[in-house]
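Work through these exercises with the structure open beside you. Try each task before you read its solution.

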Amino acid sequence: MPTTNVTISSAETEARASKPFLKWAGGKSRLLPKILPYVPDSFVNYHEPFLGGGAMFFAVQGRIQGRAHLTDLNEELINAWIAVRSHQDELRPLLAWYKERDSKDFYYEVRAATTEGLVARAARFIYLNQTSWNGLWRTNSKTGAMNVPWGDRPFRGLTDEALLGLQNTLSVADAYFGDFREACLRAEPGDFVYLDPPYLPVWSNSDEKEPTSKFNKYTSKVFGLPDLQELADICTVLTARGVRWVMSNRDNEQVRDLFPDADIIGFTTHRSIAAQSKRAVEARRSPETIIIGK
Ligand SMILES: C[S@@+](CC[C@H](N)C(=O)[O-])C[C@H]1O[C@@H](n2cnc3c(N)ncnc32)[C@H](O)[C@@H]1O
């Protein structure tokens, strides 16, 4: 039998690959065309210490020669990644259960309830993620209860085809609930790290009581300037160890000053700012930067 060699370009592989299954504040799907040219074509292991919805992981899955180490400090989020990777038989009927009952009242019942067990918590998280306002996950700092209003969107769940694709893609991945400091320690020479930390709040003028952009509270611990300074020091160590890295951040002097030895690219985008007290989504011009370790 004659055989035909079909060459699949990496662009085609990337187009066919699995897509993110969560909507996440600060997600980078829309900015990928800007960032991807600075990501190496191939590397041993991939590390994403601020995982969120993992837009970059899905985009570069064809470039990973070894394993992917995916980390986030939001435990509910990581449970969802683990359930989608390793517990689909239990997850599928739970998602169907949510789909049958989906309504505004049900959303508020689910939001108020607590759930035990990794897969049950993951199903609840995926339900609330798809149906909350703007996909936002925000919890009350005292009680820990999720407090985002209903988003007036139907729950679609995850199709069997999407779940199968995700299972394949995630077979090379380990997901960890943890802090970026320990996540970066896992990187070895030849590896690549994509860093997308929460952006520091910005004040448009010093008289304002509240920052203009303030959604950086993905977990009970706010990511602040000391964290970004520590991350910059870790980046210096990564470079010295032969680990390549790229970071996304807001473009301003404070951020640029922390990375004097890196290549820095600036561009402007429009971000949907999730104004926490209002239900409106504001589109604002946002100066973004791509910081490239060298
Ligand atoms: C800007 S979002 C990442 C979005 C992601 N790139 C995407 O495309 O969906 C930042 C993430 O960092 C996580 N995070 C915040 N503080 C952290 C920390 N100290 N260590 C690890 N992850 C942290 C948040 O839970 C959030 O998911």
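Start with residue classes: Ala, Val, Leu, Ile, Met, Phe, Trp, Tyr, Cys and Pro count as nonpolar, Asp, Glu, Lys and Arg as charged, and the others, Gly among them, as polar. The model is predicted, so local features need pLDDT of at least 70 and side-chain atom pairs count only at pLDDT 80 or more, while totals for chains, interfaces and linings use all residues. Residues are numbered from 1 along each chain as its sequence is written.

**Exercise 1. The ligand shell**

Sort the residues of the shell around the ligand by class.

Solution. Step one: find the shell. A residue is near a molecule if its C-beta atom, placed from the backbone, lies within 6 Å of it. There are 21 residues around the ligand. G26, F50, G52, G53 and Y218 come nearest. Step two: sort them. The shell has nine nonpolar, eight polar and four charged residues.

**Exercise 2. The whole chain**

State how many helices and strands the protein chain has. Then give the share of its residues that count as buried.

Solution. Step one: count the elements. Helices (H or I, at least four residues) and strands (E, at least two) are DSSP runs, numbered from the N terminus. The protein chain has 11 helices and seven strands. Step two: apply the burial rule. A residue is buried if 20 or more other C-beta atoms lie within 10 Å of its own, exposed if 12 or fewer, and partly exposed in between; C-beta atoms are placed from the backbone. Of the 294 residues, 33% count as buried. Step three: look at contacts. Two residues are in contact if their C-beta atoms, placed from the backbone, lie within 7 Å. Take the contacts in the protein chain with a separation of 6 or more: residues 24 or more positions apart account for 69% of them.

**Exercise 3. Three helices against α7**

Describe how α5, α6 and α4 each pack on α7.

Solution. Two rules come before the steps. Axes are lines fitted to C-alpha atoms, for helices over the stretch in contact, and angles run from 0 to 180 degrees between N-to-C directions. Angles under 35 degrees count as roughly parallel, over 145 as roughly antiparallel, 65 to 115 as roughly perpendicular and the rest as oblique.

Step one: α5. The axes of α5 (residues 88-101) and α7 (residues 118-131) come within 9 Å and cross at roughly 40°. Therefore α5 is oblique to α7. In the contact, E90, L91, L94, L95 and Y98 of α5 meet V119, A120, A122, A123, I126 and Y127 of α7. By class, 10 of these residues are nonpolar, none is polar and one is charged.

Step two: α6. The axes of α6 (residues 104-112) and α7 are 11 Å apart, at an angle of about 135°. So α6 is oblique to α7. Y107, V110 and R111 of α6 meet R124, Y127, L128 and T131 of α7. This contact has four nonpolar, one polar and two charged residues.

Step three: α4. The axes of α4 (residues 75-86) and α7 lie 8 Å apart, at about 105°. The two helices are therefore roughly perpendicular. On the α4 side, E76, L77, N79, A80, I82 and A83 make the contact; on the α7 side, L118, V119, R121, A122, F125 and I126 do. The classes are nine nonpolar, one polar and two charged.

**Exercise 4. Residues after α7**

Is D152 buried or exposed? What is the sign of its phi? Treat N134 and R153 in the same way as far as you can.

Solution. Step one: recall the background. Most residues other than glycine have a negative phi. Step two: D152. D152 sits in the loop between α7 and α8. Its phi is positive, about 55°, although D152 is not a glycine. D152 is exposed because 10 other C-beta atoms lie within 10 Å. Step three: N134. N134 is also in the loop between α7 and α8 (160-169). N134 has a positive phi of about 60° and is not a glycine. With 17 C-beta neighbours inside 10 Å, N134 is partly exposed. Step four: R153. R153 lies in the loop between α7 and α8. R153 has 15 other C-beta atoms within 10 Å, so it is partly exposed. Leaving aside neighbours within four places in sequence, R153 is in contact with Q130 and T131. The C-alpha atoms of R153 and Q130 are 7.4 Å apart, and the two residues are 23 residues apart along the chain.
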